[in-house]
Amino acid sequence: MAGPEKGTGSGFVIMVTHINMALYSTCFWIQTGVMPYLSKRLGMDTVMFGYLQTTFAVIQLLGGPLFGRFGDLFGGRAALSLAYLSSGLTYVLMGLSTSVSLLFLSRVPSVFMHGMQAAQMVVTDLSSESERAGALGKLGLSYGMGIIIGSSAGGFLIGRFGESFAAYAAAAGSVLNVIVVMKYIPAHTKPRILTKENKPEIAHKRSIFSVKEILRLLSIPGAVGILAIKTITGLPMGVFQSMFSVVAMDHFKLEPEHNGYLMAYIGVLQMVMQGLVVGWLTQKIAERTLLHLSILVICLVGLATALMKNIFHFYLTCIPMSLGISAFYLTTNSILTKIVPPTDTGTMLGLNMCVHSLIRSVAPTIGGFLYKSYGFSSFGYLQFLINLLVFLYLFVSNANTGNIASILGTL
């Protein structure tokens, strides 16, 4: 095995990737702040805004596996550059939007706007299996910094210069990211694995659109099981997250200023949990055990959410919630990258991102129905019941077979 090209140290490449991630997140959250004001100025109602969000999720769902396959075939530099160019084009079109149709059109380039996925690909290539979960978790630290900076900068830019200027500023940040990538990220970050013929092993078929190769990964023992668990466990959380802004205003009666404080609090918690706590836990607890425990924590957090009475209760619940969610996502991400050959980690991360996009596509509809029909507590009970069933299923299966690998495959 050999490291990155050009003699570039792995530690330096990972540091640059973290800088890219912080800037990518900053730009993304600037445009996130632009979207509701711009859509309102263009005359969109809440239903149409929901359609816009669903369109974005569906487009990302379609692009995830293709983007991962692109990264496997052409390397980390190309993947990061494509992600940042796509985001820059998306933000430029957003700034130019003078009608609802143009705003919908601005979502099309986001098919390859997978900055986190690209960064995960690079970090996966450059980290050992024993350090994989912790290394992936530290990306959350950089992303969280971007949330805080981008949310604040977005509000300032929109207030002083308008929505279009803020969107162009996000585009400029994306272009800067491309320049940094082209200068400091090596073309290929995957380790060189020699075949019996003493030739470097490469991805099986040099076609981005090879459905056969994507489906081949799903046939690997454990892949479908982990993705299914991730979808089932993640859906209740996605439902709650999709309705959070409504809950904050309607149920907790939060003013915009206090809602900003709450979002900053959640962002800091995620940074600490993903960047520090979960990485430490993975050194102390086996990944399979940590996966079980994270599902149990998420289950109990659901019950606490259903029973909470005020915003103070929610602040307390956010602590185990952030821990459970961070541990669950990081362990499943780590497991998925370990059950495939190093040449296919990008495609597997693309399939993994499809789960998130699928959840974002259906969660707002489910969340709106539950909140209107059964109230805020229904989110918590849904999360409690579904994750209790998942936990019991894994526990019983492990007890019967003595080896959870019968469900999750060889981890």
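The protein chain has 16 helices and zero strands. The model is predicted. Keep that in mind as you turn it around.

Begin with the chain as a whole. It counts 411 residues, and 51% of them are buried. Next come the contacts. Take those in the protein chain with a separation of 6 or more: 84% of them join residues 24 or more positions apart. Then look at the outside. The protein chain exposes about 18,300 Å². Carbon and sulfur atoms supply 69% of that area.

Now turn to the aromatic rings. A pair of aromatic rings is described by the distance of the centres and the angle of the planes. The chain holds 17 aromatic pairs. One of them is formed by Phe 240 and Phe 314. Their centres are 6.1 Å apart, and their planes make an angle of 55°. The pair counts as tilted because its angle is neither under 30 degrees, as for stacked rings, nor over 60, as for edge-to-face rings.

Where do Phe 240 and Phe 314 sit in the chain? Phe 240 belongs to helix H9, which covers residues 223–242. Phe 314 belongs to helix H13, which covers residues 311–338. The two are 74 residues apart, so this pair links distant parts of the chain. Are they buried or exposed? Phe 240 has a relative accessible area of 8%, so it is buried. Phe 314 is buried as well, at 1% relative accessibility. The cut-off for buried is under 20%.

A second pair has another geometry. Phe 376 and Phe 379 lie 6.3 Å apart, centre to centre. Their planes stand at 90°, and the pair is edge-to-face. Phe 376 is buried, with a relative accessible area of 6%. Phe 379 is buried too, at 2%.

These two pairs belong to one aromatic cluster. Its members are Phe 240, Phe 252, Phe 314, Tyr 371, Phe 376 and Phe 379.

Finally, move to the surface. Here Met 145, Ile 148, Ile 149, Val 268, Val 272 and Leu 276 form a nonpolar patch. Together they have about 490 Å² of accessible area. Which helices supply this patch? Helix H6 (132–161) and helix H11 (256–284) each give at least two residues. Val 268 lies in helix H11. Its relative accessibility is 39%, so Val 268 counts as partly exposed. That class runs between the buried limit of 20% and the exposed limit of 50%. Patch residues must have over 30% relative accessible area, and Val 268 meets this with its 39%.

Technical notes: Residues numbered from 1 in each chain as written. Predicted model: local features only at pLDDT ≥ 70, side-chain atom pairs only at ≥ 80, totals over all residues. Heavy atoms only, no water. Phe/Tyr/Trp six-rings, centres within 6.5 Å; stacked < 30°, edge-to-face > 60°. Helix = DSSP H or I, 4+ residues; strand = E, 2+ residues; numbered from the N terminus. Buried < 20%, exposed > 50% of the residue type's maximum accessible area, 1.4 Å probe, protein only. Patch = residues over 30% accessible without salt bridge, like charges linked within 9 Å, V, L, I, M, F, W, Y side chains within 5 Å. Areas by Shrake-Rupley, 256 points an atom, 1.4 Å probe, with all protein chains shown as cover. Salt bridge = Lys/Arg side-chain N within 4 Å of Asp/Glu carboxyl O. Contact = heavy atoms within 4.5 Å.
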